[in-house]
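Subject: Handover of the structure we discussed

Dear colleague,

Please find below the structure that I am passing on to you, with the sequence alongside. I would be grateful if you could read my notes with the model open in front of you.

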Amino acid sequence: MVTALTDELYGISLRGDVSELTKWREKNPNLPLNPKFTAHLRTPLHIAAMCGHVKFAEELCRLDRKLAKEKDTHDYTPLHLASERPSVCMVKKLLDVDTGVCMDKDEDGRTPIYLAAMEDRYKIIEALIKMKPEAIHIRYAQNETILHLCVEHDSLKSLKLLLVKDLPHGDAQSMNMDVISINS
């Protein structure tokens, strides 16, 4: 029976239907909202983040704020998944729940801002920087910066954003040093 209820929640998550979620929750108040779906063991919030169901994600987080910290088999949080996609609104909703996940690394050491840079999601990068400016300073792999990833993945809009961003003096100096190391 629990498997059938979990399957039902998975379907509701794919559709992103808040009223169905409310009904499901009323019928199953003691069941957790974090069952793991798919081969990657993703929660309903992971599914909502991937599908861009902002209202659904908002309701899930209202019911259980800890869902924003859940990780899948690749150590992706819902924010990692949302950062690869075009929904700035989804990213902002997830950041409203917990800005700390902005600094979480996946199994390859990438933070959400790095995934956004790899996909040239410059508006997502802007939202992430606004909430957690220090996220741009986390080093990836062999001491690479976010600027390295922008160049490597031809993310020119993101690179331009990062280079013209009005950052505090120390941040701007750090970014300039990163550009020098890219050009070397």
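What follows is an account of the findings, from the overall fold to individual residue pairs.

Please keep in mind throughout that this is a predicted model. The secondary structure comes to 11 helices and zero strands, so written along the sequence the pattern is simply α-α-α-α-α-α-α-α-α-α-α. The protein has 184 residues, of which 46% count as buried, and it exposes about 9,300 Å², with carbon and sulfur atoms supplying 52% of that area. When contacts between residues at least 6 apart in sequence are considered, 66% of them join residues at least 24 apart.

Let me turn next to the interior. In soluble globular proteins, nonpolar side chains tend to be buried together. The largest nonpolar core here has 50 residues, and Ile113 and Leu128 are those with the most contacts inside it. Helix H7 gives the most to this core, contributing six residues. If residues up to four places away in sequence are set aside, isoleucine 113 touches Ile125, Leu128, Ile129, Ala135, Ile136 and Ile146. Three of these names, Ile125, Leu128 and Ile129, recur among the buried residues of helix H8 (residues 122-131), a list that also includes Ile124 and Ala127. As for their surroundings, the buried residues of H8 pack against helix H5 (78-83), helix H6 (88-97), helix H7 (112-118) and helix H10 (156-164).

The aromatic side chains come next, and the structure holds two aromatic pairs. In one of them, tyrosine 10 and phenylalanine 37 are tilted relative to each other, at 4.9 Å centre to centre and with 55° between the planes. This pair links distant parts of the chain, since tyrosine 10 belongs to helix H1 whereas phenylalanine 37 sits in the loop between H2 and H3, 27 residues apart. The two partners are covered to unlike degrees: tyrosine 10 counts as partly exposed because its relative accessibility is 28%, while phenylalanine 37 is buried, with a relative accessible area of 5%. Tyrosine 114 and tyrosine 140 form another tilted pair, at 5.8 Å centre to centre and with 50° between the planes. Tyrosine 114 lies in helix H7 and tyrosine 140 in the loop between H8 and helix H9 (146-152), so this pair ties together parts that are 26 residues apart in sequence. Both tyrosine 114 and tyrosine 140 are buried.

I also looked at the charged side chains. Side chains of opposite charge can pair when their charged atoms come close. A search of the whole structure finds 12 salt bridges, and a few of them may be worth your attention.

Lysine 27 forms a salt bridge with glutamate 8, the closest N and O atoms being 3.9 Å apart; a pair counts within 4 Å. The bridge links distant parts of the chain, with lysine 27 in helix H2 (residues 18-27) and glutamate 8 in helix H1 (residues 2-15), 19 residues apart. Lysine 27 counts as exposed because its relative accessibility is 59%, and glutamate 8, with a relative accessible area of 30%, is partly exposed.

Arginine 42 and aspartate 72 form a salt bridge in which the closest N and O atoms are 2.7 Å apart. Arginine 42 lies in the loop between H2 and helix H3 (44-51), and aspartate 72 in the loop between helix H4 (54-63) and H5, so the pair ties together parts that are 30 residues apart in sequence. Both arginine 42 and aspartate 72 are buried. A further bridge joins aspartate 106 to arginine 110, with the closest N and O atoms 2.9 Å apart, and both of these residues are likewise buried. In addition, salt bridges that share partners join Lys55, Glu58 and Lys93 into one network.

Finally, a note on one polar residue. Asparagine 28 is found in the loop between H2 and H3 and counts as buried because its relative accessible area is 12%, the cut-off being under 20%. A polar atom of the asparagine 28 side chain lies 2.9 Å from the backbone oxygen of tryptophan 24.

With best regards

Conventions:
Residues numbered from 1 in each chain as written. Predicted model: local features only at pLDDT ≥ 70, side-chain atom pairs only at ≥ 80, totals over all residues. Heavy atoms only, no water. Buried < 20%, exposed > 50% of the residue type's maximum accessible area, 1.4 Å probe, protein only. Helix = DSSP H or I, 4+ residues; strand = E, 2+ residues; numbered from the N terminus. Contact = heavy atoms within 4.5 Å. Salt bridge = Lys/Arg side-chain N within 4 Å of Asp/Glu carboxyl O. Polar contact = N/O pair within 3.5 Å; in protein donor to acceptor, adjacent residues only side chain to side chain. Areas by Shrake-Rupley, 256 points an atom, 1.4 Å probe, with all protein chains shown as cover. Core = buried A, V, L, I, M, F, W, Y, C linked by side-chain atoms within 4.5 Å. Phe/Tyr/Trp six-rings, centres within 6.5 Å; stacked < 30°, edge-to-face > 60°.
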